[in-house]
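Biologist: Can you pull up the model? I'd like to talk through the ligand and one serine.

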Amino acid sequence: MSKTIIISNRLPVKIYENNGGYELKRSEGGLATGLGAIYQQGENMWIGWPGIEAHTNEAKEQIKAKLSLINLCPVFLSPDDISNYYEGFSNEVLWPVFHYHSTYAKYEKTYWESYKEVNAKFRDAVLEIAEPDDIIWVHDYQLLLLPGLIRAVYPDITIGFFQHIPFPSSELFRLIPWRIEILENMLGADLIGFHTFDDARHFISATTRLLPVHSLSNVITYNDRPVVVESFPMGIDNKKFESMPGEEQVINQVNELKQSFDGFKMVLSIDRLDYSKGILQRLEAFDLLLQQYPEYVEKVILYMIVVPSRDTVPRYKELRDEIDKMAGNINSRYRTLNWLPVHYYYRSVTESMLSALYNMADVCLVTPMRDGMNLVSKEYVASRTSDTGVLILSEMAGSAKELIDALIVNPNNTSEISAAIIQALNMSVEEQQQRMKKLRSVVSKFNIRHWVKIYMDKLNEVKDLQESMKAKHLIRDSRSALEHEYLKAGKRIIFLDYDGTLVGFQPEIDMAFPDEDLYEILKQLASDPANHVVIISGRKHETLEEWFSKLPIDIIAEHGAWTKKQHHDWIQLPGLYSQWKQDILPVLERYVDRTPGSFIEEKSFSLVFHYRKVEEGLGDLRANELMNDLRFITADKGLQILPGNKVIEIKNIEVNKGKIALRWLEEQEYDFVMAMGDDHTDEDIFKAVPGDSFTIKIGGNISAARFYLRDFREVRRLLRGLTFISSEYF
Ligand code: GDG
């Protein structure tokens, strides 16, 4: 039976040395709870760094044995690994760039080398226990290379990847010197998850801009494998936070807090020490409030917990010093005999104290500069069983996308934050309850178990999608079936699209002319008396005439508006008109005027807007705009708007590759039909021809064709192969 393996940098456990042995304490974090339902079952496993250095093999074995009792498996890291892979590459390159602090990044080659080595260490640990039909779920930015490293060994294994921190705009991501390797390896996963739609969007645009890959909505096809990119906003263990206020220890702590802060409104702030959390700006906003509204002196306190984190890194130490200074400065300026404005603690607190604080706080102030999600905001909401209290939330936190009934602020705008604090302090109980109820229902519905379930369901769905596409891959394996049918047939018809099928995609349309190799293949193919070869293209008939009229083949131009049978003249499809062009042309010209790199191609019965040379992204934007505009203008003109590969074609509705191909099929009986094409227009042929035809999509996206080939080179190889077998046979 297949098992599930979870991998993250850190195992969800704390290990202590005790009397020459080791003691374990499970982590109580939300992720550990959510994934507990998975990794604690049967043979399933969680692999990660145990957070402790083992100096001897004996120590390693002891730790390993202890962890294996609770389905955990350690990857031991050396002090060098920690300082280069973890503190270095993960926290001094990826963390700052992904949190939009790119100027803090230190692009050290040694960090990168270590990052690669440690990701390979994790891969080795996975390979020790993984089998090809297992499900692998990799977590977070420390292990971006792991999906690709595992995929290289097990090409068909199921791999999910989830990133807990933001994915930045491609303009920031591209600053990283090793961006290509990072993206390629992330694409080793089948499903790539982020907290928000914006992160997913940024990732898709980074891949399509930096790698030669295409995306269709949220599916990126990489090495013939569809990779799905989606947002899965992570939730918390809401039940735990809802029930804790009823526990005796929490009740006692709340009572103690009440005694100490009797008569004061409490604004709560809890974060790890990090420049992404906006702690200094928050203090500034509180300072501003006291400065501008002295009536709040002796009325409100800021209870601020900063949990120690990474403070061996100089940047973090500096931040800590600045927070110390600023908190001290506010206190020294405003404190009175009975009142201290900022209660600042640089330490972590117990879970029960955390719950007591969530319960005590009239306002929870969460103002990160950037945060993948931010669980503190959700924990505060879940803890407010009375439905009172106000959450002030930064629009830069992932959770702001869901918690829309909070007071949403820009964390850089200190006056907006201080105004929000005042609004919160003065909010009526009714309004508090209205807002908090809505917030609580969101947090309760999208909880951590729900998150794990929808992620896993989607991962299975992606695998099914890949399986369904795999049938089409079979052109390699079906080659013998194809050859068998080909040899058996007495009368064959072969429809060949031109651009993208027989030749590669060129930046200039006129550069994509046929070469000697192609002529040779077509000549050979057409020389077999059993073959009827038809080039069926959207190109102008004049161009196709120039290129192919000397070959013993039929030609269909402009998607069927013009046809030419061997030894005959060109015939125009009757009943077509082109007066409509004078209305459409000015519209297209307007678009060309404001879209550098685009141009118009005029054919007898169609107009084409080309944008293959337009800046990535802008072209698609203009194409969408243009399609919307044209929809109205073309409605009553019997025209069709046809989006293709970096083109939009406007043509008579009567002109259709499928319809014209059928005419050929009606004229003669064929016992072998093959059709190849790469874009939307070819789908009409795939649908029109008999179901047992060999329909082949070039490029491998979702299609009505039965098979696919990767590119024009594979097409040529296949066609050349067919000419050989028939000549050998006869
Ligand atoms: C990363 C992403 C994303 C905090 N202080 C204490 C304490 N905590 C707990 C909180 C909360 C957790 O730590 C902090 O989680 P956050 O989400 O707020 O932030 P990061 O640690 O930066 O987490 C973040 C998250 O991954 C999950 O995907 O949301 O965006 O940066 O659970 O309660 N717990 C205790 N004492 C403390 O003093 N016991």
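Modeller: Here we go, ligand first and then the serine. It's a predicted model, where local features need pLDDT of at least 70, side-chain atom pairs count only at pLDDT 80 or more, and totals for chains, interfaces and linings use all residues. Residues are numbered from 1 along each chain as its sequence is written, and side-chain values use heavy atoms, with hydrogens and water left out.

Biologist: Which residues come nearest to the ligand?

Modeller: His164, Val349, Asp371, Leu375 and Glu379, out of 20 residues around the ligand (a heavy atom within 4 Å).

Biologist: What lies 2.6 Å from an oxygen atom of the ligand?

Modeller: A polar side-chain atom of histidine 164 does, and aspartate 371 also has a polar side-chain atom at 2.6 Å from a ligand oxygen. For lysine 277, a side-chain N or O atom is 3.1 Å from an oxygen of the ligand.

Biologist: And where does the ligand lie relative to the domains?

Modeller: Between them, because domain 1 (4-231) and domain 2 (238-444) both give residues to its shell; the bounds come from an automatic or database domain assignment.

Biologist: Switching to serine 114: buried or exposed?

Modeller: Serine 114 is buried, at 6% relative accessible area (buried means under 20%, with a 1.4 Å probe and protein chains only).

Biologist: What does serine 114 touch?

Modeller: Asp80, Asp81, Asn84 and Tyr85, leaving out residues up to four places away in sequence (contact means heavy atoms within 4.5 Å). A polar atom of the serine 114 side chain is 3.1 Å from the backbone nitrogen of tyrosine 85.

Notes. Buried < 20%, exposed > 50% of the residue type's maximum accessible area, 1.4 Å probe, protein only. Polar contact = N/O pair within 3.5 Å; in protein donor to acceptor, adjacent residues only side chain to side chain.
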